[in-house]
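Please open the structure in your viewer and keep the selection panel at hand. The tour below goes from stop to stop, saying at each one what to select and what is there.

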Amino acid sequence: MSIQTVGVVGSGTMGGAIAHLAALSGLQVILCDVEEMFLQKAVQRMEGLMDKSIAKGKMTEEQKADVLERVTCTTHLAEMKKASIVIEAIIENLEAKKQVFAQLDEIMPEEAILATNTSSMSITVIAEATKRQDRIAGMHFFNPPQVMKLVEVVRGYKTSDDTVQKLMELARQMGKEPIEVKKDTPGFIVNRIMIPQFIEAIRLVEEGVASVEDVDKAVKLGLNYPMGPFELQDFGGVEVGLFVMDYFYDEYKDDRFAAPLLIRQLVRAGRLGRKTGAGFYDYNK
């Protein structure tokens, strides 16, 4: 099956990048958000990345124009009915996601597949907002989607084999390497492994064992990771890490997922990472 048109709901960091990836892959894209301003910013980010590729000789102006022409921006969710698969990429708020899925369920043709880019939340709970639970699944891209090769395709309790197969095919069509998460468990695979690493790194700093800088250096040089745990949290958003820790703790009731006080203090102080100029590191210095 070759998919021609993909819908993306949410034009923020991840949604805009997923839409860009789809357009780069030759797909027609319908990108939807609540305000035109957010859509314009998403297109500007696409243009900026492609301008860098043009400067490096990896893309031509004509190719850039073709990619942008494949992206249709809208503030009307009803436009999604033209897509065969819609990927939701709004904020990590369960009620907000359920509301979007309930609306899409009314709008989309019966055979359409609805996927969520959530990094941790229950696919089953999101699917319960619809009458097509067999055609709901997770399609978790990693930041930045244009670069990162992995996509986690996540089953909800009632997700059909056909839905999983089609999302795996779409991921490959977009040049990605999909893996199947067979059970709907908080954090899926990558975050289930990564979040405890974040927590342990923060505890090392809280206990005075090592500095933020030296923990990052140890992980990069000792484990050969491209980024240290504190660099990565600042890149992705400190508040996102805290949200996932709290979500894991609520779901598992396991102290290994209890968020350290330091990360909670940073969020309270508005130090959310690179986007605010400071997180575990101060980027204003």
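Helices (H or I, at least four residues) and strands (E, at least two) are DSSP runs, numbered from the N terminus. This is a predicted model, in which local features need pLDDT of at least 70 and side-chain atom pairs count only at pLDDT 80 or more, while totals for chains, interfaces and linings use all residues. Residues are numbered from 1 along each chain as its sequence is written, and side-chain values use heavy atoms, with hydrogens and water left out.

**A nonpolar patch**

Begin by selecting valine 34, which is found in the loop between β2 (28-32) and α2 (36-55). Is valine 34 buried or exposed? Its relative accessibility is 67%, so valine 34 counts as exposed, where buried means under 20% relative accessible area, exposed over 50%, and partly exposed in between (1.4 Å probe, protein chains only). Now add Met37 and Phe38 to the selection, since Val34, Met37 and Phe38 form a nonpolar patch on the surface, with about 280 Å² of accessible area together. Patches are made of residues with over 30% relative accessible area and no salt bridge, with like charges joined within 9 Å and nonpolar side chains (Val, Leu, Ile, Met, Phe, Trp, Tyr) within 5 Å. The accessible areas come from the Shrake-Rupley method with a 1.4 Å probe, and for residues only the protein chains shown count as cover.

**Salt bridges**

Side chains of opposite charge can pair when their charged atoms come close. Here a salt bridge is a side-chain nitrogen of Lys or Arg within 4 Å of a carboxyl oxygen of Asp or Glu, and by this rule the count comes to 17 salt bridges.

Select aspartate 51 and lysine 64, which form a salt bridge whose closest N and O atoms are 2.8 Å apart. Aspartate 51 lies in helix α2 and lysine 64 in helix α3 (residues 61-69), so the pair ties together parts that are 13 residues apart in sequence. Aspartate 51 counts as partly exposed at 35% relative accessibility, whereas lysine 64 counts as buried at 12%.

Next, select glutamate 180 and arginine 155, whose side chains meet in a salt bridge (2.6 Å, N to O). Because glutamate 180 lies in strand β8 (residues 177-181) and arginine 155 in strand β7 (residues 150-155), this pair ties together parts that are 25 residues apart in sequence. Glutamate 180 is partly exposed at 25% relative accessibility, and arginine 155 is buried at 15%. Extend the selection to Asp161 and Lys182, and you have a network of salt bridges that links Arg155, Asp161, Glu180 and Lys182.

Then turn to lysine 275 and glutamate 239, which form a salt bridge with the closest N and O atoms 2.5 Å apart. The pair links distant parts of the chain, with lysine 275 in the segment after α11 (261-268) and glutamate 239 in helix α10 (residues 238-252), 36 residues apart. Lysine 275 is exposed, with a relative accessible area of 56%, while glutamate 239 is partly exposed, with 24%.

**From helix α10 to helix α4**

Stay in helix α10 and select valine 240, which is partly exposed with a relative accessible area of 35%. Its C-alpha atom is separated by 8.2 Å from that of glutamate 92, although the two residues are 148 residues apart along the chain.

Glutamate 92 also leads to the next selection, lysine 97, which touches Glu88, Ile90, Ile91, Glu92, Thr116, Thr118, Met121 and Ile126, not counting residues up to four places away in sequence; contact means heavy atoms within 4.5 Å. Lysine 97 lies in helix α4 (residues 94-107) and counts as buried, at 1% relative accessibility.

**Backbone details in three loops**

Select asparagine 143 and proline 144, where the peptide bond from the one to the other is cis, with omega near 0 degrees. Proline 144 lies in the loop between β6 (136-141) and β7.

Asparagine 224 has a positive phi of about 65 degrees although it is not a glycine, and it lies in the loop between α8 (212-222) and α9. At 67% relative accessibility, asparagine 224 counts as exposed.

Finish at lysine 253, in the loop between α10 and α11, where phi is near 50 degrees, a positive value in a residue other than glycine. Lysine 253 counts as exposed, at 61% relative accessibility.
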